[in-house]
Amino acid sequence: MSGRHARSLRTTWADRVREERKRLLAAVGDELWGMELLRFTVQQAVAELVGLGGMVHLCGPGYCGGLRLVVTNGLPSAFAQAWEHIDRNAAVAPARALREAAVVWMPLADSAAEDVEPGAAASGQQDGSWSWPAGTAMAAVPLLGPAGPVGALSIVTLSPREPSDGRRSFLGTLGRWAGEHLSRYPTPPSDSVLAGRQEQPTGSRLRQDLQGVGTWDWDIRTGRIMWNEAMLAIFGVDPDIFDGRIETWTSIVHPEDLPWVLTDIDEAIQTGRMYGTEYRICRPDGTSGWVRARGRSMFDENGQPVRMVGTLMDITEIHNAIETLTEPRMRAAETATAAHGDTELATGIGQLTRALAEAITVQDVADASAEHILPLFGAVGLMILLVEGDHLRPVGSRGYTKEFIDRIARIPTSGELTIAQVLRERTPMFISSAEEYIERYPMAADLPAAGGKQAWAFLPLIASGRPVGSCVVSFAEPHKFTGEERNLLTALSGVVAQAMERARLYDREHMRAQEMQRELLPRDLPSLPAVTAAARYLPAGQDMEVGGDWYDVIPLSADRVAIVIGDVMGHGVTEAVTMGRLRTAVRTLSDLELPPDELLAHLNDLVSDLGDDFYATCLYLVYDPTTRACDLTRAGHPPPAVVHPDGTVHFLDTDPNLPLGAATPPFGTVELELPEGSLLVLYTDGLVESSVLDIDQGMADLAAALSDMASGALSGTPCRHREHTTLMDTTGNHCATCLEALCDSLTTTLLPTRQGTADDAALLIVRIHALPATDMASWPLPDDPRAAGQAREYVRAQLSAWHLDALCMTTELLASELVGNVVRHAKGPIRLRLIRSNMLTCEVSDGSLTTPRPRRATDTDEGGRGLQLISAIAQRWGTRYTATGKCIWTEQPLTPTSPILLDSLAIEEVVNNP
């Protein structure tokens, strides 16, 4: 890298750092004042010049117009004492910067000894140079207020060169920023304050920073964070053990405040807005407090957030003062009402407090507020609006028309309306008449008439120091608010704000829980030729919206269907996640076409690996519509109910086995044949068991309900769906809508008997269909090379009978290749089967347990292309094991999407399998 290029890179980097420092100045805003403002200014200047230290002098009227040292940083005490007082006309850098109102740089050796007080003589120094190395210099910049310079900022540096233009510009900006903010306080520092300036001798850091404002710099990409000494003191963290991790900060934030604090800071990063909030902290020494944080994000050239810098103040005393004022107001209001004999008002306040404590959702809080606050004051209207981004959105109202609510549906928080103003200023406003409102807000003069109200109490909703929204209590007639009413409404708004913030967090978590539950359970059950299904998931209650119950209907090969239902023991997010893992595992294992007992054995291993505290029940069955056979295995799960076409109900008597996680394979399996039109009713124990209902009685209730519904259907109950005349006709035929209605009827009938339950429930009803014999064809084949030719002949004749001639060529090729592979690599007996449903299935069975696997044949290989050809022609193919060997199957859509062109590869395969 050339020297010029290296200098260019350094310059570019320095400019970027300088711009970020300027943004930090804007981010700090008005939060720093007095000494902390000056300390912060010195720190920024020293960092910019990579200096040894710095100091600030202020003009003191009591010192003959001279400059008085008020803040030092990084400089020896003896040196600072030598600069305690400077004559305004001295030749040193601070005085010159003040006189010239410009940045001044000069070597320390040029400072005349008589220009500073000889306070360092006791330390052996004869002047203010402090025996600095050769080349040590001082840069000074005036602190410019609105009326002129108010002081000077100086930095000691080892650089023998004057500051660059960029650094001079930043120092000038820093001096103006500090001077303007310092001058906002009209009363100048008193002599006692100036005399009490904080130097930085060893051992005094903590005392200095306890009164200070913390500054922080967070690298978003790495998670590393830097705190100044004041920040460490506020958080009670020992500087020697601070590890610079963002997790250290999150561990200090109060656990109840951490969710919304993290949400706020993430939103600020994503939107690029200013970050500002108040929250509680729990220090390592066991003490607690309140802090106010403010910050701004920094972005790279691609607009991606890379850093956040800001300030932090300890506001514990301020918050305690507010609490001291607010809580007695509530108590005083109750005492005052009782003292005046107004027991009805005191009772109303107590009822409101209890109602808000019991409210769960945002709507509950809005309804409780309207129901109890309006009668207390004789008001007729109430409206609550919550902050969403940069707008206020109505979430509850009473006494207002929908048209009026729609009109104010999105009020900018920065707008001029009273609702937004009281939230920004955090101060309630009481308007006694429409005339007063119009006089104050002429731009919104039509709102009183539109809302139909004549007086208003506009109340900010502040919870834990954080703005939540606004509340409006309105009156039908002009109303003069008394002092007691103002105090009481202000106190009640704090109670409503706390309840609303709690409810909003609940609603947010409630929504996320519902979304997660919906994602983990099937969105829609598949429409399959072999079954029609409907299901319900029934949460236990408002406080348990997620659980471990699940169900699924999984299509297998040859129109076979896997039906599964399970229940992870326990409730909550952990159990729901475990349920999702098990459902995913069942789907993956079912693709392997495993028998039910083997599948549950694998699932048992998975649950066992999760730990000793995880258990789950599961029922897994496979239904074959070609034979109406059902293979069922269950692990600790209640047996399914079978409803026959004649309306009789019975439960399958199978070995229950132990739950997954506690069972020891092998699992028992039952095989049975189900009549056409039967219903399989699968459920979890939450549907039939509770603390006041044992499972045997619950299953009896389920059987009775199913029997009654089937009997009513057979007696001629009309069905309004499609062409059916009964809910269940003489063949047991069901439409999907009828099954949905049956689910609703069962849950409505059974749920009232589940009083006292704390368990969720799942219900899955499946109507089975048998495949007509006319849609199946099967032939035995000889175990010799003639088999491929005979297979093609059978395929050709059967597809012609089914009017599927368009599939003849591809199906002949598939059958020929499958049979040829059996002849060459496996053993008989060989059987070919075709199945017509929504797909055309071609199966070849043999007596071997070897599994075919695709190969990637090269151009010179004489074989190995058969399965590649099958993969190219068939939509889906696979292998499953049978009682006598294995079966290789392929599936094709009944209507070809495009013609199949036989290339030389296909012709070669046909020639090899004549």
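1. In this predicted model, the buried residues of helix α19 are E575, A576, T578, M579, G580, L582, R583, A585, V586, L589 and S590. The helix covers residues 573-590, and its 18 residues reach 26 Å from the first C-alpha to the last, which is close to the 26 Å expected at 1.5 Å a residue.

2. R587 also lies in helix α19, but R587 is partly exposed, because its relative accessible area is 32% and the class of buried residues ends at 20%. Once its neighbours within four places in sequence are left aside, R587 is in contact with D552, V553 and I554. R587 and P555 are separated by 32 residues in sequence, while their C-alpha atoms are 9.7 Å apart in space.

3. Which residues does W550 touch, leaving aside its neighbours within four places in sequence? The contacts of W550 include M579, L582, R583 and V586, each of which is listed among the buried residues of α19. The remaining partners of W550 are L521, V564, I565, G566, D567, V568, T617 and C618.

4. W550 belongs to the largest nonpolar core, which has 53 residues, and W550 is named together with V531, L680 and L764 as having the most contacts inside that core. Strand β21, residues 616-624, gives the most to this core, with seven residues. Apart from this core lies another, of 38 residues, among them A370, L459, F475 and V496. As a general background to both points, nonpolar side chains in soluble globular proteins tend to be buried together.

5. Six strands form an open sheet with antiparallel pairing, in the order β14-β13-β12-β17-β16-β15. Its edge strands are β14, residues 411-412, and β15, residues 429-431, each of which pairs on one side only. Within the sheet, strand β12 (residues 381-388) is joined by six bridges to strand β17 (residues 466-475), and the two run antiparallel. One position that a reader can look up in the structure is M383, which stands opposite V472 in β17.

6. Two helices can be described together with this sheet. Helix α13, residues 362-377, lies across β12, β13 (391-398) and β17, and runs at about 145° to β12. Helix α15, residues 418-425, packs on the sheet and touches β12, β13, β14, β15, β16 (455-463) and β17, with a direction that makes about 40° with that of β16.

7. A further open sheet, of five strands, has the order β8-β7-β11-β10-β9, again with antiparallel pairing. Which strands stand at its edges? They are β8 (225-227) and β9 (275-282), and each has a single partner strand, so one side of each is left without a neighbour in the sheet. Neighbouring strands of this sheet are turned by 25° against each other on average, when direction is ignored.

8. In the five-strand sheet, strand β7 (residues 214-219) is joined to strand β11 (residues 305-314) by six bridges, and these strands run antiparallel. The bridge partner of G214 in β11 is L312. T215 lies in strand β7, and is T215 buried or exposed? T215 counts as buried, because its relative accessibility is 14% and the limit for that class is 20%. Leaving aside its neighbours within four places in sequence, T215 is in contact with F40, M226, W227, N228, M231, G310 and T311.

9. Strand β2, residues 67-73, is mostly covered, since seven of its seven residues are buried. Six bridges join β2 to strand β1 (residues 53-59), and the two run antiparallel; across this pairing, C59 stands opposite L67 in β2. β2 also pairs with strand β3 (residues 85-86) in the antiparallel sense, over two bridges, and here L67 stands opposite I86 in β3.

10. A last point concerns the cysteines. The count of disulfides is zero when the rule asks for a pair of cysteine sulfur atoms within 2.5 Å. As to the surroundings of two cysteines, C808 is buried, with a relative accessible area of 11%, whereas C282 counts as partly exposed at 30% relative accessibility.

Definitions and conventions:
Residues numbered from 1 in each chain as written. Predicted model: local features only at pLDDT ≥ 70, side-chain atom pairs only at ≥ 80, totals over all residues. Heavy atoms only, no water. Buried < 20%, exposed > 50% of the residue type's maximum accessible area, 1.4 Å probe, protein only. Core = buried A, V, L, I, M, F, W, Y, C linked by side-chain atoms within 4.5 Å. Helix = DSSP H or I, 4+ residues; strand = E, 2+ residues; numbered from the N terminus. Contact = heavy atoms within 4.5 Å. Pairing = 2+ DSSP bridges. Axes fitted to C-alpha atoms, helices over the stretch in contact; angles between N-to-C directions. Expected span 1.5 Å × (residues − 1).
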